[in-house]
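Biologist: I have a structure to go through and would like to ask about it piece by piece. Can we start once it is on the screen?

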Amino acid sequence: MADDRPASVFFFAPFVSSTMAIEPGWIDYNGHLNMAYYHVLFDRAVDEAFGVVGLGPDYMETGRGTTFAAEVHVRYRRELILDDPVRVTLQLIAFDEKRIHFYSEIRHATEGWVAATSENLSLHVDPATRRVAPFPEDIQANLSVMLGSHARLPRPDDLGRVIGVPARGHARPDTMAFAAAGARVRH
């Protein structure tokens with residue numbers, strides 16, 4: 001009797017993309033990779049990683065579902081130039097029936113240093129209704145295997161960062177308008 005269960009999925013921890021090249025048109029007037037193309041590199045790696053889970057282009061084409069980005073937080077750590085080969089790592093942080101939380105790093109492919117990090121929240125969407133919908137059971141099972149593999153990795157330092165300008169003895173922005181208007185501000 002044949003076993004009808006799908007083959008189990010194996011995940012490296014973290015997922016590592018194929019090596020990617022910086023394209024000449026992506027270099028800006030500063031002589032380095034324009035910020036928009038860091039997102040292209042991250043997105044290409046997400047396509048590779050999600051394909052392993054079963055969420056690749058064929059998943060959308062069959063009408064089973066797709067993913068939409070809901071939130072992204074990118075940190076640019078080191079500039080990339082034209083001849084830098086890169087790879088992107090992806091670590092699954094968490095998922096539930098409709099969402100995937102993951103963290104990625106663009107790394108120089110031969111030297112290993114981190115050029116940028118990206119924390120993401122993606123939503124599973126029914127392409128017919130364009131509304132958030134639960135993942136099918138087989139995709140949830142694959143995500144569970146991936147999460148089990150990635151849970152052994154250390155928590156990324158950049159995870160959950162908040163953007164802002166730290167106060168260092170300067171007036172708070174909400175008090176500057178009063179001061180400019182001649183109002184007395186008590187500290």
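Biologist: Where is Asp28 found?

Modeller: Asp28 sits in the loop between strand S1 (15–16) and H1. Helices (H or I, at least four residues) and strands (E, at least two) are DSSP runs, numbered from the N terminus. Before we go on: this is a predicted model, where local features need pLDDT of at least 70, side-chain atom pairs count only at pLDDT 80 or more, and totals for chains, interfaces and linings use all residues. Residues are numbered from 1 along each chain as its sequence is written, and side-chain values use heavy atoms, with hydrogens and water left out.

Biologist: Is Asp28 buried or exposed?

Modeller: Asp28 is buried and has no salt bridge. Buried means under 20% relative accessible area, exposed over 50%, and partly exposed in between (1.4 Å probe, protein chains only). A salt bridge is a side-chain nitrogen of Lys or Arg within 4 Å of a carboxyl oxygen of Asp or Glu.

Biologist: Which side chain of opposite charge is nearest to Asp28?

Modeller: That is Arg78, 15 Å away. Lys and Arg count as positive and Asp and Glu as negative, while His and the chain ends are not counted.

Biologist: And what is Asp28 in contact with?

Modeller: Leaving aside neighbours within four places in sequence, Asp28 is in contact with Leu33 and Asn34. Contact means heavy atoms within 4.5 Å.

Biologist: New topic, pockets. How much space lies in the largest pocket?

Modeller: About 310 Å³. On a 1 Å grid over the protein atoms alone, a pocket is an open set of points with protein on both sides within 12 Å along at least five of seven lines; a cavity is a set where a 1.4 Å probe fits but cannot get out, and lining residues have an atom within 4 Å of a point. Grid points are joined across faces, edges and corners, and a volume is the space filled by probe spheres set on the points.

Biologist: Which residues lie nearest the centre of the largest pocket?

Modeller: Of its 18 lining residues, Asp43, Val46, Ala69, Phe102 and Ser122 lie nearest the centre. H1 gives the largest share of that lining, 6 residues. By class, the lining of the largest pocket has 9 nonpolar, 7 polar and 2 charged residues. Ala, Val, Leu, Ile, Met, Phe, Trp, Tyr, Cys and Pro count as nonpolar, Asp, Glu, Lys and Arg as charged, and the others, Gly among them, as polar.

Biologist: What about the second largest pocket, how much space lies there?

Modeller: About 250 Å³. It is lined by 17 residues, and Gln91, Tyr103, Glu105, Arg107 and Pro156 are the closest to its centre. S4 gives the most to this lining, with 4 residues.

Biologist: How many cavities of 30 Å³ or more does the structure hold?

Modeller: The structure holds 1, with about 40 Å³ of space in it. Its lining is His73, Arg75, Tyr103, Thr117, Glu119, Asp158 and Arg161.

Biologist: Back to single residues. What does Ile93 touch?

Modeller: Ile93, in strand S3, touches His101, Phe102, Tyr103, Leu147, Pro156 and Leu159, not counting residues up to four places away in sequence. Ile93 and Leu147 are 54 residues apart in sequence and 7.0 Å apart in space, C-alpha to C-alpha.

Biologist: Which peptide bond is cis?

Modeller: The bond from Ala13 to Pro14 is cis, with omega near -5°. Pro14 lies in the segment before S1.
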